[in-house]
Amino acid sequence: MLSRLFAPKVEVSAHCDLPCGVYDPAQARIEAESVKAIQEKYQANDDPHYRARATTIKEERAELAKHHVSVLWSDYFKPPHFEKYPELHQLVNDTLKALSAAKGSTDPATGQKALDYIAQIDKIFWETKKA
């Protein structure tokens with residue numbers, strides 16, 4: 001009798017941890033855009049103090065971008081997404097590796113490569129939101 005009294009009245013399910021709308025690859029893209037912009041500014045400035053500060057900020061932004069991509073992979077994307085987009089695991093891995101490379105580099109080409117990967121994740125993400 002007590003189990004019926006305290007049993008849930010409504011059963012709910014969701015494909016993510018919170019109601020949709022809290023996940024968005026734009027967060028990773030914005031951080032990665034910052035990485036690339038800092039890399040470009042680094043190249044244009046010879047002041048060692050400026051460069052040291054730029055390096056620190058670039059590394060923080062790259063780490064934040066990695067965090068946002070990882071959250072999408074672990075919290076948003078679910079088995080049906082991976083079935084429909086079998087390249088998704090490798091794409092996320094490649095993106096994280098590209099962001100690590102950008103984190104350790106002052107070459108804007110590494111920042112652009114990370115942005116290109118994030119754009120692919122963004123495309124898949126929005127396709128899953130339509131489904």
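This briefing walks through the overall fold and the salt bridges of the structure shown above. The model is a predicted one. The protein has six helices and zero strands, and a search of the whole structure turns up six salt bridges. Three of those pairs are described below, along with the surroundings of Lys-36.

**Overall architecture**

- Along the sequence, the elements follow one another as α-α-α-α-α-α.
- The chain has 131 residues, and 34% of them count as buried.
- Among contacts with a separation of 6 or more, 73% are between residues 24 or more positions apart.
- About 8,300 Å² of the protein is exposed, with carbon and sulfur atoms supplying 57% of that area.

**Around Lys-36**

- Lys-36 sits in helix α2, which covers residues 26-43.
- Within that helix, Lys-36 pairs with Glu-40 in a salt bridge whose closest N and O atoms are 3.8 Å apart.
- The two partners, Lys-36 and Glu-40, are four residues apart, or about one turn of helix α2.
- Glu-40 counts as partly exposed because its relative accessibility is 40%, and the partly exposed class lies between the 20% and 50% cut-offs.
- The side chain of Lys-36 also makes a polar contact of 2.7 Å with the side chain of Gln-112.
- Setting aside neighbours within four places in sequence, Lys-36 touches Pro-108, Gly-111, Gln-112 and Leu-115.

**A bridge between helices α3 and α5**

- Lys-103 and Glu-63 form a salt bridge, with 2.6 Å between the closest N and O atoms.
- This pair connects distant parts of the chain, since Lys-103 belongs to helix α5 (residues 88-103) and Glu-63 to helix α3 (residues 48-76), 40 residues apart.
- Lys-103 is partly exposed, with a relative accessible area of 27%.
- Glu-63 is likewise partly exposed, at 36% relative accessibility.

**A bridge within helix α6, and a shared network**

- In helix α6 (residues 108-130), Lys-123 and Glu-127 are four residues apart, about one turn of the helix.
- Their side chains meet in a salt bridge, at 2.9 Å from N to O.
- Lys-123 is exposed because its relative accessible area is 53%, and the cut-off for exposed is over 50%.
- Glu-127, by contrast, is partly exposed, with a relative accessible area of 25%.
- Elsewhere, salt bridges with shared partners join Glu-63, Lys-66 and Lys-103 into one network.

Terms used: Residues are numbered from 1 along each chain as its sequence is written. This is a predicted model: local features need pLDDT of at least 70, side-chain atom pairs count only at pLDDT 80 or more; totals for chains, interfaces and linings use all residues. Side-chain values use heavy atoms; hydrogens and water are left out. Helices (H or I, at least four residues) and strands (E, at least two) are DSSP runs, numbered from the N terminus. Buried means under 20% relative accessible area, exposed over 50%, partly exposed in between (1.4 Å probe, protein chains only). Contact means heavy atoms within 4.5 Å. Accessible areas come from the Shrake-Rupley method with a 1.4 Å probe; for residues, only the protein chains shown count as cover. A polar contact is a pair of N or O atoms within 3.5 Å; within protein, one must be able to donate a hydrogen and the other to accept it, and residues adjacent in sequence count only if both atoms are side-chain atoms. A salt bridge is a side-chain nitrogen of Lys or Arg within 4 Å of a carboxyl oxygen of Asp or Glu.
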